[in-house]
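Here are my notes on the model you sent over. I've kept them as short numbered points so you can follow along in the viewer.

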Amino acid sequence: DTDSADTFLVKGRGELHLAVLIETIRREGYEFEVSKPEAITKMVDGRLMEPVEDLLIDTREEYYGVISEMLSKRQAELIDMHSDGGGNVRLQYHIPTKGLIGFRSAFLTSTRGQGVLNSTFLGYRPWRRDLVSTRSGVLVASEEGKAVAYGLENTQGRGQTFIEPGTAVYEGMIVGMNPRMQDIAVNVCKEKKRTNMRSSTADIAVKLEPPIIMSLERSLDFVAQDELVEVTPLNVRLRKKLLTQQQRLRAAARSA
């Protein structure tokens with residue numbers, strides 16, 4: 001239990017463990033929201049301690065550079081590296097648990113599925129420092145309604161989308177990912193203005209890129225501190241904690 005009657009603190013072993021629990025609750029008909037997972041810390045002799053894990057990675061040698069860059073930003077230390085001479089490499093790292101949160105999805109994407117990772121709990125060590133966010137910004141719906149092809153086409157000029165035409169959206173719902181660091185408000189419900197001019201078929205055809213399907217586990221990896229995963233029996237959505245643009249701007253001004 002927490003200070004709030006409708007908020008609970010749930011402890012588990014990684015995102016997959018939490019995803020199984022969340023999926024079980026969802027199938028029982030509950031609706032709820034989940035914040036970004038955090039590593040469990042504790043105080044020992046007046047010092048803040050954090051969990052550290054032993055991470056083993058098997059992948060192809062050509063992916064070593066991108067993996068090393070990602071893990072260095074997550075405070076990982078390379079312990080051992082071994083190549084079999086056939087293009088395969090095994091990497092061993094010691095990494096704080098907070099650095100592993102959200103890494104699995106990025107790892108699978110970067111290695112194009114040609115990699116396996118496994119981690120084992122080592123123990124608690126002194127807290128180093130906070131992680132610098134490595135995630136880019138998001139595309140946030142600015143209006144309530146149903147997404148249309150024309151609005152999504154304009155949105156895909158800003159980044160990759162998570163939804164298809166006909167999806168019901170509301171203000172503050174996250175509908176895509178922006179390659180830049182800042183969040184952008186977009187109107188995916190915007191329809192093309194009708195005119196008296198006749199258009200050719202080529203003019204009215206809209207070609208959309210396939211959306212990124214955000215699974216429950218991937219959503220838990222993806223959300224930032226100011227975002228939530230909204231879970232219902234029918235949908236898994238991403239949203240901002242503060243739904244309106246005015247609320248988010250005021251919060252940003254207070255924290256500046």
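**Notes on the fold**

1. Let's start with a helix pair: α2 and α4 are roughly antiparallel to each other, because their angle of about 160 degrees is over the 145 cut-off. Helix α2 covers residues 64–72 and helix α4 residues 103–110, and their axes sit 10 Å apart. The crossing of α2 past α4 is right-handed. On the α2 side the contact is made by V66, I67, M70 and L71, and α4 answers with F103, A106, F107 and S110. Keep in mind throughout that this is a predicted model.

2. Now the overall picture. The protein chain carries 8 helices and 14 strands. Its C-alpha atoms fill a box of roughly 70 × 55 × 40 Å along the principal axes. Of the 256 residues, 36% are buried. If you take contacts between residues at least 6 apart in sequence, 70% of them join residues at least 24 apart.

3. Which residues have the most contacts inside the largest nonpolar core? They are F162, I163, V169, V175, V188, V229 and L238, in a core of 30 residues. Two or more residues each come from α1 (14–27), β7 (138–141), β11 (174–177), β12 (184–186), α7 (216–222) and β13 (227–231). The largest share, 4 residues, is from β7. A second, separate core has 15 residues, including I57, I67, Y93 and L100. As background, nonpolar side chains in soluble globular proteins tend to be buried together.

4. F162 is worth clicking on. Leaving out residues up to four places away in sequence, F162 touches I174, V175, G176 and M177, then P211, I212 and M214, and finally F222 and L238.

5. One open sheet has 3 strands in the order β1-β13-β14, with antiparallel pairing. The edges are β1 (32–34) and β14 (236–240); each has a single partner strand, so one side of each is left without a neighbour in the sheet. On average, neighbouring strands here are turned by 35 degrees against each other, direction ignored. Between β1 and β13 there are 3 bridges in the antiparallel sense, and V34 has V229 of β13 as its bridge partner. Helix α1 lies across β1, β13 and β14, running at about 170 degrees to β1.

6. Another open sheet has 4 strands, ordered β9-β11-β7-β12, and its pairing is mixed. Why is one side of β9 and of β12 left without a neighbour in the sheet? Both β9 (160–161) and β12 stand at the edges with a single partner strand each, so there is no strand on the other side. The β7 and β12 pair is parallel, over 3 bridges, and L139 stands opposite I184 in β12.

7. Last stop: V236, in strand β14. Is V236 buried or partly exposed? Its relative accessibility is 29%, so V236 counts as partly exposed. Apart from neighbours within four places in sequence, V236 is in contact with R26, L216, S219, V229 and E230. V236 and S215 are 21 residues apart in sequence, while their C-alpha atoms are 7.6 Å apart in space.

Definitions and conventions. Residues numbered from 1 in each chain as written. Predicted model: local features only at pLDDT ≥ 70, side-chain atom pairs only at ≥ 80, totals over all residues. Heavy atoms only, no water. Core = buried A, V, L, I, M, F, W, Y, C linked by side-chain atoms within 4.5 Å. Buried < 20%, exposed > 50% of the residue type's maximum accessible area, 1.4 Å probe, protein only. Contact = heavy atoms within 4.5 Å. Pairing = 2+ DSSP bridges. Axes fitted to C-alpha atoms, helices over the stretch in contact; angles between N-to-C directions. Parallel < 35°, antiparallel > 145°, perpendicular 65-115°, else oblique. Left-handed = near helix turned anticlockwise from the far one by under 90°.
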